[in-house]
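Reader: I am new to this structure. Please take me closely through a single part of it, and keep the sentences short.

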Amino acid sequence: MARVQIGHSDLRVRPVGLGCMGMSQSYGNADNSTSIRTIRAALDLGVDHLDTSDVYGASDITWGVPIRGFGHNEELIGKAISGRRDEVVLATKFAARINETNDGIAIDGRPEYATAACEASLRRLGTDVIDLYYCHRLDPHIPIEETVGAMAELVEAGKVRAIGLSEVGPETLRRAQTVHPIAALQSEYSLWERGIEGGIAETCAALGITLVAYSPLGRSALTGALAADATFAKGDLRATNPRFTAENLETNLAPVAALNELADQKGCRPGQLALAWLLSRPFSVVTIPGTKRAEYVAENLAATNVALSADESAYLSAAFAPGTIVGDRYAPVHASTVAPR
């Protein structure tokens, strides 16, 4: 797998990494020992990009279930990569905090918090440098120039190698770029969710920013394994996600039939085909599909062996044309923290 340069930084990663959030929250129970084995197996398979956040492990409070603790996911990764730190580009985030008086979510982009959060993440991860440090969500009360200015100081201090933003729009990207080069924008992107196409993607291309696509398999909708009558347990974020409600899910799974059919013709899994479509986009993209199981890590990595013709790519794009998927991509409490698309 050829590596992709992250923005104008010196970071290079394989196009399929590993999103680790589900090992601590949002998709049901996860066993720490199993998660650590999965991360180590991913490294053995060639994964060189791990993505986490300081808030992963605490955010389940917004779904009304017991939390594992702020920083849980970072601590988990720190244990998993002990002795193997040089094998991985390590990405984490700050700014999302837990506030029980505000539906469980508070965003803090103050410069002093960026500095303190970075120090805490370094301790939990057991490292002296974070390769890619994101502002997880935009604080509407703090100018982005101030937040990025503090992140730039962390780069100058040698505690961070490159910086990124998550779920922001073109204007914010441009303003941030005047302060310090932005290496990556992490946003939801898949056949299931194409809202970044146009303004956001064009801005990333113009500024030399790599798009890091999270939920590239549509929260399992693009794997071919989800039934139209599926139900989700408390604590699974899909239980409150508008796209997965009983009235929307059948409609939203209809175009997956086209994905399944083409995958059968090509002798691959639907999820691999969905990832291959992402990697064929005409701008710099890397993906961080999440899983708790090593066999799915291997399956996702094999997506880089799936070649798509221009006609096949266009066929999938038409099947999942913008507007085909109905319902907001987040419940209101989470939608309030992302930029409009």
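Author: What follows is a close look at the sheet around one strand, and then at the aromatic rings.

This is a predicted model, in which local features need pLDDT of at least 70, side-chain atom pairs count only at pLDDT 80 or more, and totals for chains, interfaces and linings use all residues. Residues are numbered from 1 along each chain as its sequence is written, and side-chain values use heavy atoms, with hydrogens and water left out.

Start with the sheet. It is open and has eight strands, in the order 3-4-5-8-9-10-11-12, with parallel pairing. Strands here are DSSP runs (E, at least two residues), helices are DSSP runs too (H or I, at least four residues), and both are numbered from the N terminus. Two strands pair if DSSP finds at least two bridges between them. Strand 3 (18–19) and strand 12 (285–287) stand at the edges. Each has a single partner strand, so one side of each is left without a neighbour in the sheet.

Now take strand 10 (184–188). What joins it to strand 9? Strand 9 (residues 160–166) runs parallel to strand 10, and three bridges link them. G164 stands opposite A184 in strand 10. Strand 11 (210–214) also pairs with strand 10 in the parallel sense, over five bridges. There, L185 has L211 in strand 11 as its bridge partner.

The connections come next. From strand 10 the chain crosses through helix 6 to strand 11, in a right-handed β-α-β crossover. Right-handed means that, with the strands pointing away from the viewer, the path from the first strand over the helix to the second runs clockwise. Strand 9, helix 5 (residues 170–177) and strand 10 make a right-handed β-α-β unit.

Is strand 10 covered or open? Five of its five residues are buried. Buried means under 20% relative accessible area, exposed means over 50%, and partly exposed lies in between (1.4 Å probe, protein chains only). In a regular strand the side chains alternate between the two faces of the sheet. Both faces of strand 10 are covered: one side carries A184, Q186 and E188, the other L185 and S187, all buried.

Follow the chain on to Y189. It lies in the loop between strand 10 and helix 6 (199–207). Y189 and W277 form a tilted aromatic pair, 5.9 Å centre to centre, with 55° between the planes. Rings of Phe, Tyr and Trp (its six-membered ring) pair if their centres lie within 6.5 Å; planes under 30 degrees apart count as stacked, over 60 as edge-to-face and the rest as tilted. W277 sits in helix 9 (residues 270–279), so the pair ties together parts that are 88 residues apart in sequence. Both Y189 and W277 are buried. W277 has a charge over its ring as well: the charged end of R281 sits 4.0 Å from the ring centre. That term asks for NZ of Lys or CZ of Arg within 6 Å of the ring centre and within 35 degrees of the ring normal.

Another pair follows strand 11. F232 and F244 are edge-to-face, 5.6 Å centre to centre, with 90° between the planes. Both lie in the loop between strand 11 and helix 7 (246–253), so the pair ties together parts that are twelve residues apart in sequence. F232 is buried, at 18% relative accessible area. F244 is buried too, at 4%.

The count of aromatic pairs comes to six. F94, Y113 and Y133 form one aromatic cluster.
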